[in-house]
Amino acid sequence: MKFKKLAPLSLLLCSPLYAAQGDQVSNSRYSVATHNAYAMNGVNAASVNAHTKESASFAFLTSLRFGGEIGDADFADDIEDLIDELDRDDITLDEANALIDRFNAVLKLAGDKGYADVNVGLELPLSVLWKREKDAFSFSTRTYGTAHIDILDDTVRYNPLQQTIETNAAGYVKVADMLEFSFGYSRLVWQPKQGDLHLGARLNVQRLGLSKQVIGFQAADGDDDLSDTFLDDYEDFKNETTEIALDLSAYWSAKNYNLGLTLSNVNEPEFDYGELGKNCGDLTNDISRSNCLTALSYSDRIDLTETYKATSYATFQANYISDNERFSADFSLESDHVTPVGVEEQWMTASVGYKPETSFAPNARLTYSNNLVGNELSYLSGELTWGWFGLGLGYSLDKTEIDGDSTTRGAFINLSISNQF
């Protein structure tokens, strides 16, 4: 599979961050294992009480995932070429006309269909569970980072006096990183003959850092300057906010099936981005000052001051397990919501799993996921688990062309080590 260059800027700018997205809003893309007793960071808080034995225990759960996604536009090499051409001062009129025709078409396409996402997630190693006869307390931690880049397109013009081409086109990068501490409680509230009803709640203490930048192609002098400038200015444009988000869950557990419903972000906490276009004249770095002024010029297209509201949304989950517990099937569906970097999501996910009789063969799971809104991409992924260790790989079924070759628009890898003691 050829997956060349997620975007001209996204990896250059975003991958050096400490970032780590156990993507808060799209867990179902990676796994829908509602019966996983160790998944205390899972969507449904009430499921913890249904699938653990009475004891005080620790869940050692470390997982790392990395994913990337691109829009339906082949512009990576062209943007790099544009940055090189913008640095020239010996362009003839004939050359300029050819470059203007080429890059105006590229920038228009990139502005309409071009974007890139980079997601990195980390489940921190240790979670705590105290399970009593009818209820359970849990504590877990995680951190994540995510970046989204769009292209702000502008026309390319010729300056005959300087013998240069000029444009106000830029990359618009939004980055979110979160550290979260979760405190959960779940309780058995009804136990008829055919199943158990559990209710749960979780308080998520979230420190969310939000940063965004407009990075003009005109002021750049090669890819190194782009990435260096982004990293140098990242903290200056970042604002950190600590808020508490409340999740409420209900979970019905029966012999062969489970049903779950979760309302996330019930209180809808708000987090502020760092401000763009502020005190541009006080910046000593020429590129930083130019980017600041470029951001001001796009004030009619982007919000210089922005607040992310973590709106409430619902997640429904269903799970079937065979009598011998060898076969399982899962389904989940979310309501529409928006990620901290402005990506609209509503994941529908279905998967099947098989646990072989011998311990030498891995457990296997095949998952199909589809985002019903926004980019409407679909993913196919597989996961193998050997005891404590798990490996998952996924790719988008949607294609685009890069350098004339068809390639997937998204892919991710997930590694995990888990045990309970």
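Is Cys280 buried or exposed, and what is its relative accessible area? The points below take up this residue and then the rest of the predicted model.

1. Cys280 is buried, with a relative accessible area of 7%. Its partner in a disulfide is Cys292, and the S to S distance is 2.0 Å. Cys292 is buried as well, at a relative accessible area of 2%. A search of the whole structure finds 1 disulfide.

2. Cys280 sits in the loop between strand 11 (270-272) and helix 7 (286-297), while Cys292 belongs to helix 7, so the disulfide ties together parts that are 12 residues apart in sequence. The S-S torsion of Cys280 and Cys292 is about -75°, and the disulfide is therefore left-handed.

3. Helix 7 also holds a salt bridge between the side chains of Asp286 and Arg289. The N to O distance in this pair is 2.6 Å. Asp286 and Arg289 are 3 residues apart in the helix, which means that about one helical turn separates them. Asp286 is exposed, with 53% relative accessibility, whereas Arg289 is partly exposed at 27%.

4. Another salt bridge joins Lys309 to Glu268, with 3.3 Å between the closest N and O atoms. Lys309 is part of strand 12 (residues 307-309) and Glu268 is in the loop between strand 10 (257-264) and strand 11, so this pair ties together parts that are 41 residues apart in sequence. Lys309 is partly exposed, with a relative accessible area of 38%; Glu268 is partly exposed too, at 25%.

5. Arg88 pairs with Glu85 in a salt bridge whose closest N and O atoms are 2.9 Å apart. Arg88 counts as partly exposed at 25% relative accessibility, but Glu85 is buried, with a relative accessible area of 18%. Both residues belong to a network of salt bridges that also links Asp90 and Glu95. In total, the structure holds 21 salt bridges.

6. The largest nonpolar core has 20 residues. Phe75, Leu82, Leu107, Ile165 and Phe217 are the ones with the most contacts inside this core. Helix 4 (76-86) and helix 5 (93-113) each supply at least two of the core residues. Helix 5 gives the most, with 7 residues.

7. A second core, separate from the largest one, is made of 11 residues. Among them are Ala176, Leu210, Ala310 and Val343.

Key:
Residues are numbered from 1 along each chain as its sequence is written. This is a predicted model: local features need pLDDT of at least 70, side-chain atom pairs count only at pLDDT 80 or more; totals for chains, interfaces and linings use all residues. Side-chain values use heavy atoms; hydrogens and water are left out. A disulfide is a pair of cysteine sulfur atoms within 2.5 Å. Helices (H or I, at least four residues) and strands (E, at least two) are DSSP runs, numbered from the N terminus. Buried means under 20% relative accessible area, exposed over 50%, partly exposed in between (1.4 Å probe, protein chains only). A nonpolar core is a set of buried Ala, Val, Leu, Ile, Met, Phe, Trp, Tyr and Cys residues joined through side-chain atoms within 4.5 Å. A salt bridge is a side-chain nitrogen of Lys or Arg within 4 Å of a carboxyl oxygen of Asp or Glu.
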